[in-house]
Amino acid sequence: MALGSRFRTLVLQPTTLCNLNCEYCYIRASERKTRREMALPVVEALAASVAEQGESVDLVWHGGEPLTVRLEHFSKMCDIFEPLRREGKVTHFVQTNATTIDDRWCGFFQRYGFNVGVSLDGPAVANSQRVDWSGRETFTRTMRGINTLKRNGLGFSVICVVTRETVKNPDSLFEFFEGLDAESVGFNIEEEEGSNNDRETAPLDEVRAFWRALFDRINSSSPLHSREVRRLFGYLSDVKAGNKQRWTSAKIDPIPTVSWDGNVVLLSPELLGVKAPKYGDFIVGNVLRESISNMLGRAHTVPYIQEFISGVQNCRESCDFFTFCQGGQAGNRYFELEDFTATETNYCRQSKQQLVLALNDHVKENNERP
């Protein structure tokens, strides 16, 4: 399996600063407390890289908290991409905790055609680990931001981190999100990544029960739109239609992630800012000195990328879930096993395998009913 020579997603770190101190965050606290903002020359270089590629790209503004950037500066950054957006070459996405969203930010989203993703872990009791630097709850502020989006006619998606505690109560999460009117919800089973490396992970039987409860609910005409279910059903639909090759021939998405100062890591946004004895800082180049296309052209010579490609091939040869899973995530291999050539990770087991097995349980039980 080869690394793609084109990037479909470009992750941008407009600032290192975050106004929250979530207990499970994978980024070091010292980094999240510091305000460093992406300068306009970096953005100009990124726009040049997108234009050089010539294909449409999703720009994902993510980490620390993008909306801690001054609105005027964020507008200047987006203005640089505006000619490309008007040509259909760029689509903006932002992942935010929504605590600072007001009418001005909504006008900004509308002006540049943003797709808004909100980080929210369910009802208030499920958000106890999402606090600010003073330890105060943030649920009320996030909901105020969501209601501001709604009032301005803006749709939004949600990413929900499912923790060791909340995985046991899936129905309370599903009921909450059914009433939120989100366009989709992604359920991220809490992962071992970066600074978040000393917390218990959810047992597989509880994760499987969580996914099973989701399939049962959807089968009962729930209005909930799940990112994971949509992807799995899309895969099964392709297989049924004889289009399995779309998955078996897919190349590895390089997912370039660009720091505030123009440094680029590949394969996993979570590798940004990480240093490892064996791999260094994972940086493959800087956009102020080299285009992303050039970096991808020599990426096969970078040791951690070579090892990840080898690991994905190992998955292809040994795992029954490979065609759907596509080899998992590079960040999970490193943070869980410190080995990019390894195959199965806890992330694979929880978010891919148990999802498929839960659907199988659901289908089997429903087919056996009289």
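Here are a few short exercises on this predicted model, each with a worked solution.

**Exercise 1. Getting an overview**

Find out how many helices and strands the chain has, and check its radius of gyration against that of a compact globule.

*Solution.* Start with the secondary structure: the chain holds 14 helices and nine strands. Next, take the chain length of 370 residues, for which a compact globule would have a radius of gyration near 21 Å. The chain has 20 Å, so the value agrees with a compact globule. Along its principal axes, the C-alpha trace spans about 65 × 50 × 40 Å. Finally, look at the contacts with a separation of 6 or more: 72% of them are between residues 24 or more positions apart.

**Exercise 2. Looking inside**

Which residues have the most contacts inside the largest nonpolar core?

*Solution.* Begin with burial across the chain, where 53% of the 370 residues count as buried. The largest nonpolar core has 100 residues, and F109, F187 and Y304 have the most contacts inside it. Now follow Y304: leaving aside neighbours within four places in sequence, its contacts include V265, L266, F282 and F340. There is also a second, separate core of five residues, with C18, L20, C22 and Y24 among them.

**Exercise 3. Two positive phi angles**

S221 and F282 both have a positive phi although neither is a glycine. Is each of them buried or exposed?

*Solution.* Take S221 first. Its phi is about 70°, and S221 sits in the loop between α7 (204–219) and α8 (227–240). The relative accessible area of S221 is 66%; exposed means over 50%, so S221 is exposed.

Now turn to F282. Its phi is near 70°, and F282 belongs to the loop between β8 (263–265) and β9 (283–286). The relative accessibility of F282 is 2%; buried means under 20%, so F282 counts as buried. You have met F282 already, as one of the contacts of Y304.

**Exercise 4. A serine in a helix**

Where is S49, and which residues is it in contact with, leaving aside neighbours within four places in sequence?

*Solution.* Locate S49 in helix α2, which covers residues 40–53. Then check its accessibility: at 2%, S49 counts as buried, because the limit is under 20%. Last, list the contacts of S49 beyond those sequence neighbours: F7, S291 and I292.

**Exercise 5. An unusual peptide bond**

Which two residues does a cis peptide bond join?

*Solution.* The cis bond joins G63 and G64, with omega about -15°. To place it, note that G64 lies in the loop between β2 (57–61) and α3 (71–86).

Methods. Residues numbered from 1 in each chain as written. Predicted model: local features only at pLDDT ≥ 70, side-chain atom pairs only at ≥ 80, totals over all residues. Heavy atoms only, no water. Helix = DSSP H or I, 4+ residues; strand = E, 2+ residues; numbered from the N terminus. Rg over C-alpha atoms; globule rule 2.2 N^0.38 Å. Buried < 20%, exposed > 50% of the residue type's maximum accessible area, 1.4 Å probe, protein only. Contact = heavy atoms within 4.5 Å. Core = buried A, V, L, I, M, F, W, Y, C linked by side-chain atoms within 4.5 Å.
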